[in-house]
Amino acid sequence: MLTRIVRMHFRSEEVGNFLAIFKESHPKISNVAGVHQVDLFQDWQNPDVFYTYSIWDNEECLNAYRDSTLFEGVWAATKALFAEKPKAYSLRKKNVEEL
């Protein structure tokens with residue numbers, strides 16, 4: 001399983017637009033092959049900063065989504081709203097038993 005976290009800082013006046021994009025696209029993204037979970041978090045101290053947290057079967061499934069027309073449209077609309085460049089992290093969970 002692959003966990004993907006993307007940190008996005010929006011211009012204050014664009015937060016509502018981003019939330020509308022996320023609300024509309026969430027059901028479509030949630031139905032992409034290989035995705036198990038897609039959540040949105042808002043920074044506790046900075047309301048202009050959001051994180052998407054998604055869990056994928058593997059990197060191939062994530063990359064297939066990133067190469068899709070769905071992603072292309074969502075990302076084009078979203079990146080126009082940024083106050084700064086987003087940061088993305090792909091993570092693998094480590095269980096204590098594996099250490």
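Mentor: Buried means under 20% relative accessible area, exposed over 50%, and partly exposed in between (1.4 Å probe, protein chains only). This is a predicted model, where local features need pLDDT of at least 70, side-chain atom pairs count only at pLDDT 80 or more, and totals for chains, interfaces and linings use all residues. Residues are numbered from 1 along each chain as its sequence is written, and side-chain values use heavy atoms, with hydrogens and water left out.

Trainee: Why is Glu-13 called exposed?

Mentor: Glu-13 has 58% relative accessibility. The cut-off is over 50%, so Glu-13 counts as exposed.

Trainee: What makes Glu-14 buried and Arg-11 partly exposed?

Mentor: Glu-14 stands at 14%, so it is buried. Arg-11 stands at 29%, so it is partly exposed.

Trainee: How do you know that Glu-14 forms a salt bridge with Arg-11?

Mentor: The term needs a side-chain nitrogen of Lys or Arg within 4 Å of a carboxyl oxygen of Asp or Glu. Here the closest N and O atoms are 3.3 Å apart, so the pair qualifies. Glu-13 and Arg-11 also meet in a salt bridge, at 3.6 Å. Shared partners join Arg-11, Glu-13 and Glu-14 into one network. The count comes to 4 salt bridges.

Trainee: Why does the pair of Arg-7 and Glu-84 tie together parts 77 residues apart in sequence?

Mentor: Their side chains form a salt bridge at 3.0 Å, N to O. Arg-7 lies in strand β1 (residues 2-9), and Glu-84 in the loop between α3 (69-79) and β4 (87-91), so the bridge links those parts. Helices (H or I, at least four residues) and strands (E, at least two) are DSSP runs numbered from the N terminus. Glu-84 is partly exposed, at 33%.

Trainee: Why is α1 called roughly antiparallel to α3?

Mentor: Their axes come within 10 Å and cross at roughly 170°. These axes are lines fitted to C-alpha atoms over the stretch in contact, with angles from 0 to 180 degrees between N-to-C directions. Over 145 degrees counts as roughly antiparallel, so the label fits.

Trainee: Which residues of α1 and α3 meet?

Mentor: Contact means heavy atoms within 4.5 Å. Among them, Phe-18 and Ile-21 are in α1, and Leu-70 and Val-74 in α3.

Trainee: What makes β2 an edge strand?

Mentor: Two strands pair if DSSP finds at least two bridges between them. β2 (35-42) and β3 (residues 49-56) pair in the antiparallel sense over 7 bridges, so they qualify. The order of the open sheet is β2-β3-β1-β4. β2 pairs on one side only, and so does β4.

How values were computed: Angles under 35 degrees count as roughly parallel, over 145 as roughly antiparallel, 65 to 115 as roughly perpendicular and the rest as oblique.
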